[in-house]
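Colleague: I am new to this structure and should be grateful for a close look at a single part of it. Could you take the place where two of the chains touch, and describe what one chain brings there?

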Amino acid sequence: MNDLPQQLANGLLLGALYGLIAIGYTMVYGIVQLINFAHGEIFMIGGFGALTVFLWLPSGTSLLLALPLMILMAMACSVLVAVGAERFAYRPLRNAPRLAPLITAIGLSIALQQAIWAFYPDATKSRPFPEFEGGRLDFGAFAISRGDLFLLIAAPLCMITLGVFVSKTRTGRAMQATSQDPDTAKLMGINTDRIIVTAFAIGAAFAAIAAVAHGLKYGEVNFKMGFIAGLKAFTAAVLGGIGNIYGAMIGGLVLGLAEAMATAYIENIPGMSQLGGGAWKDVWAFVLLILVLLLRPQGLLGARVSDRA
Amino acid sequence: MSGIGPVEPGEDTYQHPAAPAAGATPSRVRHVVPARHRRKAVLAAVATLATGVGVYAVNAPEPPPAPPPPWPSQVVGFAYAGASPDDGHAGAFTFGVSISTEPGRRVTVDAITQPSAALAVSTEPSAPFTVPAGKSRDVTVTVYVLDCGEVPRNSGLPFLEVTLRNERAVQKQSRILGGGYPEDLGAAIGRACADPAP
Amino acid sequence: MRHRSLFIVTTAVTVGALTLSACGSRDDSSEGGGGGKTTVVIGLDAPLTGDLSALGQGIKNSADLAVKTANKNNEVEGVTFKLESLDDVAQAATGQQNATKLVGNQDVMGVVGPLNSDVGQAMQKVFANDNLVQVSPANTNPEMTQGKDWQTGKKVRGFDTYFRTATTDAIQGPYAAQFMFNEKKLKNVYVIDDKKTYGAGLAATFSTEFKKLGGKVVGTDHINPDDKDFSSVASKVAQTKADFVYYGGEYPAGAPLASQIKNAGAKIPTVGGDALFSAEYIKLGKKNSEGDFASSVGAPLETLDTAKKFIADYSAGGYDGAFEAYGGYSYDSTWAIIQAVKAVVEKNDGKLPSDVKDARKQITEAMQDVKFDGVTGTVGFDEYGDTINKQLSLYEVKGGKHVPVKTGVFEG
């Protein structure tokens, strides 16, 4: 167990990544009760946006200099796609039966994935993503790679900003109001259409940051990466209590930790050696999800922002 | 220029017809020095010949396109010929290997070893030896056990490391013998190390 | 609670749908057949999209080159060859569907592919039922030709229609074990595989031999090949005293795994089989791939004179992407089918038998005796359908390239 600090660090970093993506699921669900299954692809498109900027820049440009541009471009791509999806795919269906927008989301997810596959040069296979030079950073009990540093800074920063935004600003409070009761909010003079677009945009911006972090951490982006990442993030959002922004981050961290712990230690439990290791970590993560939902159906942090059910 | 072709004209070829390139017989030329006209004629003949040779050398199609021989590893085959009857050496295993080559491809075996640090190898005939083109040659290989503690008892894929040479290249390669070699070797090592004394 | 139950149902439906929808697409490269000539279609199945598409496209392009060469040289009098390529996205189920489709096409007389051993296993039976010959350029799992009990010496050929030009893992894994133990003097290994037919099989042949030699397996783990995050596994490896890692699996997961192991602080090489022998492995692993090893089937191409013409023709063909690890084998597999068709045509007075079943049966039988000098050396098949040309090489990543460090020939 002497690698526990390291495994905790691994789990938390992975979890922070899940959490950043999960914000998008949870915000959209909190406001329009829609599971935006195209969110994983919005995340993926952010990654390709960042890669595009890096390829445009003259080769040899320092990654540190390029990074702000990459983040901006990633956000621009993701937000544009998310807002476009909201405007042209989801808004016309706002009063349709629940299943219609959900199926639209699935269709959109496939369409976006295939669009990148078909039209982005060489995207039929994994595209290498720039990585920071140099070895890992040693903190004594644990060490992290340089790519993780970005995630380590970005994730808390994003969470704090979002928390302040939702609780302190006018738009943020309008968002809470819309999530509690859209009809009344409308009566109070809140432009709910604008609020919904904002929710999509914020979720997409976070996904874009997650995509850059993903690229820096794993050194590649590919057209399929939104599927697994999206599924895990969605799980994280449910685990934490869908509709709650802090729940999304907590859910992400718990899921990441569960995966790391399952990979590292399950096999040491006597009689469980066949059920441990990297291939079983998803099983244990979902066992955890089922247990949480059995004991606390509303998720870890309940439904603070919304859930009108 | 290819080694087979005529020697190409050098700087002095035309001025010094007696150069070996001419291929004439300088000694006889010296005998007829007094006869100026003979000398001129010889000079002219030699010069013509040299020029001809030069022209040929320059215009000749690049080395008659005899393709380079294939790499040695591509034309040689090793076959396990079975264990030899025990010759009394304790801790040794003797077996035959038949090395064959393709027609027209001579290959020299520079060395035969094996990879494990706990074993050693000697061959009869001892390397280097040549396998004539299109023939096969039987070689007796003896493997000695040096260290019973470290030796792999029943390796599934023991092989011989051979160094092969021909006109094209020198190649070091593993020849993984089949036909019961792994089993025979394993059994022999088992016999040699049955008594864990050394 | 209305939403919650809807929510659970939709989640289940969605997850199912997304899984099933795993992007598939068809890619046909067909040219018009010559007038008055018989058209023989050679089917091809490989992952043409997705992570393994670099290898798959190399297989497809090389087969296309063989078909074009045969048509240009009029290799078989009165027969025009056509290639029909199907994408299996490295999925066994898709491969099986493709096999059924190829069997259903009356013009298909032979199939090249696939890349993945598990896909190949799913296809074998479909082809065997209809006597359609299949030549794989890349399947390396020994079971596919020699049956489940090949290790105990009870070799049984399962399918008379299945042939391959690639050497099996029965040699690859042990050869790497010998090299690491005897020459690199590394005695402790951490073995990881992706649980797939190819990866798990390769890791098993490696471990068995490594232990026999006296080496120690200090840890084992399995990963999901679709994952990208292997940090926990990497930390586990770094905790042990492993001298190197053996990975049984393919480069899309192998490259990030090897890279993350080095990032976790274990400066040890990762060793693997032919599915790590791709330029993509180095592209994805970047500097971290330096010093890693991969074994691959066949001799290094620069020692094969027959390969030079292939390399020149391939670059003249203007194909997208390199021919990769299996290009030469794919060309030879396709050429073997062409030669089998030729043998049958010559036997039947210049025509293929008019009955499709009969034609396929005769071609399958003719395949057993096909022998020619191919790109990768002598091409021919033994009684199990395995290649008779059993060469293999070990490569090390040096200066951003795979450099051959050792080659071997299996004489058994």
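Modeller: Two residues are taken to be in contact if their C-beta atoms, placed from the backbone, lie within 7 Å. This is a predicted model, in which local features need pLDDT of at least 70 and side-chain atom pairs count only at pLDDT 80 or more, while totals for chains, interfaces and linings use all residues. Residues are numbered from 1 along each chain as its sequence is written, and chains are lettered from A, with ligands numbered from 1, in the order in which they are written.

Between chain B and chain C, 24 residues of chain B are in contact with 23 residues of chain C. On the chain B side, strand S1 (76-83) and strand S8 (170-176) each supply at least two residues; strands here are DSSP runs of E with at least two residues, numbered from the N terminus. S8(B) gives the largest share of this side, namely 4 residues.

In character, the side of chain B that touches chain C comprises 11 nonpolar, 11 polar and 2 charged residues. Ala, Val, Leu, Ile, Met, Phe, Trp, Tyr, Cys and Pro count as nonpolar, Asp, Glu, Lys and Arg as charged, and the others, Gly among them, as polar.

S8(B) also pairs with a strand of chain C: its partner is S14(C), residues 401-410, and the two run in the parallel sense over 3 bridges. Strands pair if DSSP finds at least two bridges between them. Within S14(C), C:Gly408 is the residue that stands opposite B:Ser174. Strand S8(B) thus appears twice in this picture, as the source of the largest share of the chain B side and as the parallel partner of S14(C).
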